[in-house]
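This report describes the secondary-structure elements of one protein chain and the way in which they are arranged. The sequence and the model are shown first.

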Amino acid sequence: MDCDELVISLLFPPSDYVSGINAFKRILNNKKPVDILQAKSEIANTNFDVFNRYINDRLFLDVDLEFDTPSSIFKSLSDAREVLQKDYAKIYSRSWLANNHFIALDYKLSKPDVYWCAEFSDPLILNIINRVRNKKGFFISNPSYVDYVNGHILELNEKNNVEFPLIEDGASVFFLAEYLTYLFADEIIFTNENQRNAMLNQFSSDVREFVLKKSIIEMHPTLDEEFYHIESVELDLDDDYINMAYFGKDYYGIRHFESLFYSIESLNHKFKDKIRIYLFMEEVSLIKRLVSSFNSRDSFIVKKPLDYFEFLNATTKFDVLIVNDVITKGLWSANPFLPSKISDYLGSSRDIWAFYEKGSTLSKFNLKYMSDMADFGECRNQLINILEDYGFKDDNYSFNEDYFIQRLTTLNRLFDTEFKRNSRLIAENKSLKKLNSDILSSNSWKLTRPLRDIRNKK
């Protein structure tokens, strides 16, 4: 098979990282043969053999990923130089890992005629709460490498009649992965406009202008229908109900389901029991605790996440698929995150209910059901629309306004028990503890005022 393109994706399948899966989706959509540079994986999912039709060769690095530590990066560079003995016309790299971009940069600097396309899934310099990543041990101190790269920056400056800054020894991995990719990649993909603005605003105007000229906006790819039927999953769904599903992994304070919980739990409706919501989440016990106090707890079915092709097939079997934004109000001027699952949902041909943050990229989609997650009234009205669209109408429905206060009390108890006991969520405790205030600050005064009045009386 004739092949002149290399995809650099250390977390490429059969590993189940979202970044690697999105890289493979681009390959399947492009329908052209490629070589893959990836890390060895112990995960064995034979369903990913569907790749073989477009994979010419797999090149493996035996590296401990360590998620972008300098030692892992330089080990990868050394091993990649040994493995990559072919001249490619095009290379593609995608973060996460940032390591992918370092390998692509190294190849580009050694073979300047290659066309390098680089994609950013999310900001690297800034974390999810818009703070600079300053992790101990993630700063590159290697004078010979810095001198080598700076020599190429000087050549770039002379060629383009610009004065881009040289890099310094001791710079962070995350800064270098963004900055050097901006300078040397021939094409840069961002998944949405807010993301591009947030990332480029960290740099001077000349760097921003340089990147804008060679960047494009391209959301996560959606696969053809055939890929939704590679694996068949049995879900035992009852057609007498409206079956909804959320597919995710982790639960944390700035991506939660309180808008959804409120709209369902506060509803008084003779067909309320016709709603079934399946939550596919890693933290099964935690999510069960979150809904355990609900009167409508039987409406929630909590399950472990599915393998990727099982997930694709499952999306075709539910009535409504749920997607929600990360909450960024007070953290970012505009939400830079686009949930990758929306691209998979779009290929399912099912109805989608999006809980969006105002001004986000998700808010601009034309989906059947759209709710501003900061407007509980809008969320509950959308739930009524869904019930009526699926044939369950009740002209005498109402909502329980007291639910809001009851829910906050439950969340306080949960934080002091389940959250603190769960070692996987220790790093998120600050944002989880902040969850109640997030809810209070993001929703309408009609819902929050009764709670403030109660506090004033105490």
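## Helix α5

In this predicted model, helix α5 comprises the 12 residues 173–184 and extends 16 Å from its first C-alpha to its last, close to the 16 Å expected at 1.5 Å a residue. How much of α5 is covered? The helix is mostly covered, with 11 of its 12 residues buried.

The buried residues include the aromatic positions F174, Y179, Y182 and F184. Also buried in α5 are V173, L176, A177, E178, L180, T181 and L183. An α-helix has 3.6 residues a turn, so residues three or four places apart point the same way.

## The open sheet

Seven strands form an open sheet with parallel pairing, in the order β3-β2-β1-β4-β5-β8-β9. Strands β3 (55–61) and β9 (215–217) stand at the edges; each has a single partner strand, so one side of each is left without a neighbour in the sheet. On average, neighbouring strands of this sheet are turned by 20 degrees against each other, direction ignored.

Strand β2 (residues 34–39) runs parallel to the edge strand β3, and six bridges join the two. Within this pairing, L37 stands opposite L59 in β3.

## Strand β4 and its partners

Strand β4 (residues 90–95) is mostly covered: five of its six residues are buried. Which strands pair with β4? One partner is strand β1 (residues 5–8), joined to β4 in the parallel sense over four bridges; the other is strand β5 (residues 115–120), paired in the parallel sense over six bridges.

Individual positions show how these strands are aligned. I8 stands opposite S93 in β4, while K90 has Y115 in β5 as its bridge partner. In a regular strand the side chains alternate between the two faces of the sheet.

The connection from β4 to β5 involves a helix. Together, β4, helix α3 (residues 99–110) and β5 make a right-handed β-α-β unit.

## Helices packed on the sheet

Helix α1 (residues 18–30) lies across five strands, namely β1, β2, β4, β5 and β8 (187–190). The direction of α1 is at about 145 degrees to β4. Helix α2 (residues 70–83) also packs on the sheet, where it touches β2 and β3. The direction of α2 makes about 140 degrees with that of β3, the strand at one edge of the sheet.

Terms used: Residues numbered from 1 in each chain as written. Predicted model: local features only at pLDDT ≥ 70, side-chain atom pairs only at ≥ 80, totals over all residues. Heavy atoms only, no water. Expected span 1.5 Å × (residues − 1). Buried < 20%, exposed > 50% of the residue type's maximum accessible area, 1.4 Å probe, protein only. Pairing = 2+ DSSP bridges. Right-handed = clockwise from strand over helix to strand, strands pointing away. Axes fitted to C-alpha atoms, helices over the stretch in contact; angles between N-to-C directions. Contact = heavy atoms within 4.5 Å.
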